[in-house]
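Got the viewer open? Load the model, pick a plain cartoon view, and follow along one selection at a time.

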Amino acid sequence: MNRIARSDYLNYVSVDRVFLTAEWQYLAMLNYEVDASMLLPFVPAGTELDRWKGKVFASLVGFRFLKTKLLGFLPIPMHSNFEEVNLRFYVRRQVGSEVRRGVVFIREFVPRRAIAFIARTFYKENYVALPMAHEIQAAGDDRLRVAYRWRSHNCRSEMNLETDGNSELPGEGSIEQFITEHYWGYAAQPGGGCVEYRVTHPSWRVWQVGRSAFEGDAEKLYGKPIAAVLHGKPQSAFLAEGSAVSVMWGRRL
């Protein structure tokens, strides 16, 4: 068989073939309304910004990545359970009569070098390996306190929230549904174009939150314009319960 480049191989792989399976749990989501001009440099070719009621959002998301397996059956020793924090925004792509609503990641943090390497190699996602930790504990009266922490350049950062009330499925047309139900990923590629991949999971129950916060030197992590956003108050914040997920092989557009 002739050897082919990785980017060419992605074009041959079915979008229904599983690349990775895992469980995502306790997704803390801080959602910020932003000016579209801030995100336009990051929008992959072939996609456009997705909006909720005319508004553009970026989200800081922290969660637990559990029972991770490549190809759906191959565990990575010492790399099955870990934290992830990512900064992302939302796009859409028209494919015939279908609208594919997806996510673009500006930066993703994980504590495992091998995981970061795999994501950079196969999808060219902007993964960085950093020391990380999490805290999930009962806060009384059926409340949960959830925090994700990471350290970069001797700077400690944290995102945290505390739930208020019981979890429930998002309402139709709600911002919670908009944020959680983007089932495609898009990653811009060197030299142009992008990779498209599908992510499958059921609808997630969500908790509303009484308080939420990001703390840290966002300018060093993301640059000055994004830092100004993250140090402001989120437009919305909630905790998603999570579920088993499957990430499919990508296809270069």
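Start with Arg101, which at 27% relative accessibility counts as partly exposed. Keep in mind throughout that this is a predicted model.

Now add Asp50 to the selection and show both side chains. Asp50 and Arg101 form a salt bridge, with the closest N and O atoms 3.1 Å apart. Asp50 sits in the loop between β2 (48-49) and β3 (56-70), while Arg101 belongs to strand β6 (residues 98-110), so the pair ties together parts 51 residues apart in sequence. Unlike its partly exposed partner, Asp50 is buried, at a relative accessible area of 3%.

**Next stop: Arg93 and Glu196**

Select these two together. Their side chains meet in a salt bridge, 2.9 Å from N to O. This one also links distant parts of the chain: Arg93 is in strand β5 (residues 82-95) and Glu196 in strand β12 (residues 194-200), 103 residues apart. How accessible is Glu196, buried or exposed? Glu196 is buried, with a relative accessible area of 0%. Arg93 counts as buried too, at 14% relative accessibility.

Don't clear the selection yet. Add Glu98, Arg100 and Arg251, and you have a network of salt bridges that links them with Arg93 and Glu196.

**Over to strands β9 and β10**

Pick Glu162 and Arg143. They form a salt bridge whose closest N and O atoms are 2.2 Å apart. Glu162 lies in strand β10 (residues 155-163) and Arg143 in strand β9 (residues 143-152), so here the pair ties together parts 19 residues apart in sequence. Glu162 counts as buried at 14% relative accessibility, whereas Arg143 is partly exposed at 25%. If you want to hunt for others, a search of the whole structure finds 15 salt bridges.

While you are here, select the loop between β9 and β10, where His153 and Asn154 are found. What is the phi of His153? It is positive, about 55°, although His153 is not a glycine. Asn154 also has a positive phi, near 65°, in a residue other than glycine. Check the surface as well: His153 is exposed, with a relative accessible area of 63%, and Asn154 counts as exposed at 77%.

**Into the core**

Hide the charged side chains and turn to the nonpolar ones. In soluble globular proteins, nonpolar side chains tend to be buried together. The largest nonpolar core here has 78 residues, and the members that touch the most others are Trp24, Leu60, Phe89, Trp150 and Tyr222. Which strand gives this core its largest share? That is strand β1 (residues 18-34), with ten residues.

Center on Phe89 and show what surrounds this residue. Leaving aside residues up to four places away in sequence, Phe89 touches Leu39, Phe42, Val43, Leu49, Phe57, Ala58, Gly102, Val103, Val104 and Ile106.

**Last stop: nonpolar side chains outside**

Switch on the surface and select Leu71, Phe73 and Leu74. Together they form a nonpolar patch on the surface, with about 290 Å² of accessible area. Leu71 has its place in the loop between β3 and β4 (74-75) and counts as partly exposed, at 34% relative accessibility.

Key: Residues are numbered from 1 along each chain as its sequence is written. This is a predicted model: local features need pLDDT of at least 70, side-chain atom pairs count only at pLDDT 80 or more; totals for chains, interfaces and linings use all residues. Side-chain values use heavy atoms; hydrogens and water are left out. A salt bridge is a side-chain nitrogen of Lys or Arg within 4 Å of a carboxyl oxygen of Asp or Glu. Helices (H or I, at least four residues) and strands (E, at least two) are DSSP runs, numbered from the N terminus. Buried means under 20% relative accessible area, exposed over 50%, partly exposed in between (1.4 Å probe, protein chains only). Patches are made of residues with over 30% relative accessible area and no salt bridge: like charges are joined within 9 Å, nonpolar side chains (Val, Leu, Ile, Met, Phe, Trp, Tyr) within 5 Å. Accessible areas come from the Shrake-Rupley method with a 1.4 Å probe; for residues, only the protein chains shown count as cover. A nonpolar core is a set of buried Ala, Val, Leu, Ile, Met, Phe, Trp, Tyr and Cys residues joined through side-chain atoms within 4.5 Å. Contact means heavy atoms within 4.5 Å.
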